[in-house]
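Good morning, everyone. Today I would like to walk slowly through one structure, so please have a look at it before I begin.

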Amino acid sequence: MNTSKTTLILGATGGAGGAIAAALLRRGWTVRALVRNADRPGLDPRIEWREGDAMHASDVARAAAGVDVLVHAVNPPGYRDWDKLVLPMLDNSLAAARANAARLVLPGTVYNYGPDAFPLLAEDDPQQPLTRKGAIRVVMERRLAEATDVRSLTLRCGDFFGPRAGNNWFAAMIKPGRPARSLLYPGRHGLPHAWAYLPDVGETVARLLEREGELERHARFHFAGHHVDEAALLAAVRRTTGNAALPLRAFPWWLTWLAAPFVVMLRELREMRYLWSEPLQLDNRRLLAWLGEEPHTPLEQAVEATLRSFGCVE
């Protein structure tokens, strides 16, 4: 256990940032986090909360003073203004990491890739994204690679799910805040999808950071997570809810077309449809070679924790 390291997490109230914070706290790290309102209820008292905005370079710089690691897990709320906000926020994190000789951690996605790289995605495969958000993700990672004076760690994952997850596909499939009535599945019948359970993601990042001295300057790994189809997911939801007759229904893609001009979230979901119609899986052989294993919570246990956090089961 390392008790001498300090990290600043941007996005600690979100899914990936919160999971990484929890994993590092378990290992004795000092964890700071930047939040707009440090007095808001429900903040983890084990974290040193610093008030500020990730869009303000001075706020990030002050909060990052003396840290060993900076985790950039912050995104514009509700997918709004990605093209205006994402890159300036990353530049602020890069500047703060550079000033402190800290490693910058970026939770990555598969948005970087187009179907030409499917079905098995390796870290060095060509990136030809089909979407605006994917193109921005490519630029984000390029900026890390071009920052030769900053060490970075990117862990690319499938769709996040788990306790405290923010905007995510799982919440679009099962409405939070009420008992589950059905599973709305966006993908093709029998086609497995790549899911990343957030506590496993956090644990993976923490284990990699424990080997800081061995990591490449710009380390990149793929997290395989759960690669399951709708039948496996439905079975886990049915067992968790105790409803053996819980129906499986097709996700209403038509609604995303109708509502896209008015609802940013639905417009962004529509762009990701190709990820549900093609086979894809993340190749985690590099990660396995480093860690010996990938942290992996059984699917039913992960689904149960997620649904409990949604308020869908007691």
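I will go through the sheets, then the helices, and then one residue.

This is a predicted model, in which local features need pLDDT of at least 70 and side-chain atom pairs count only at pLDDT 80 or more, while totals for chains, interfaces and linings use all residues. Residues are numbered from 1 along each chain as its sequence is written, and side-chain values use heavy atoms, with hydrogens and water left out.

Helices (H or I, at least four residues) and strands (E, at least two) are DSSP runs, numbered from the N terminus, and two strands pair if DSSP finds at least two bridges between them.

One open sheet has 7 strands in the order E3-E2-E1-E4-E5-E7-E11, with parallel pairing. Its edge strands, each pairing on one side only, are E3 (48-51) and E11 (218-222). E7 and E11 run parallel and are joined by 5 bridges, and Leu153 has Ala219 in E11 as its bridge partner.

Helix H4 (residues 132-146) packs on the sheet, where it touches E4, E5, E7 and E11, contact meaning heavy atoms within 4.5 Å.

Another open sheet, with mixed pairing, has 3 strands in the order E8-E10-E12. Here E8 and E10 run parallel, joined by 3 bridges, and Asp159 stands opposite Trp195 in E10.

Finally, is Thr154, in strand E7, buried or exposed? Thr154 counts as buried because its relative accessibility is 3%, where buried means under 20% relative accessible area, exposed over 50%, and partly exposed in between (1.4 Å probe, protein chains only). Not counting residues up to four places away in sequence, Thr154 touches several residues, including Leu106, Glu141 and Phe221.

Definitions and conventions:
Axes fitted to C-alpha atoms, helices over the stretch in contact; angles between N-to-C directions.
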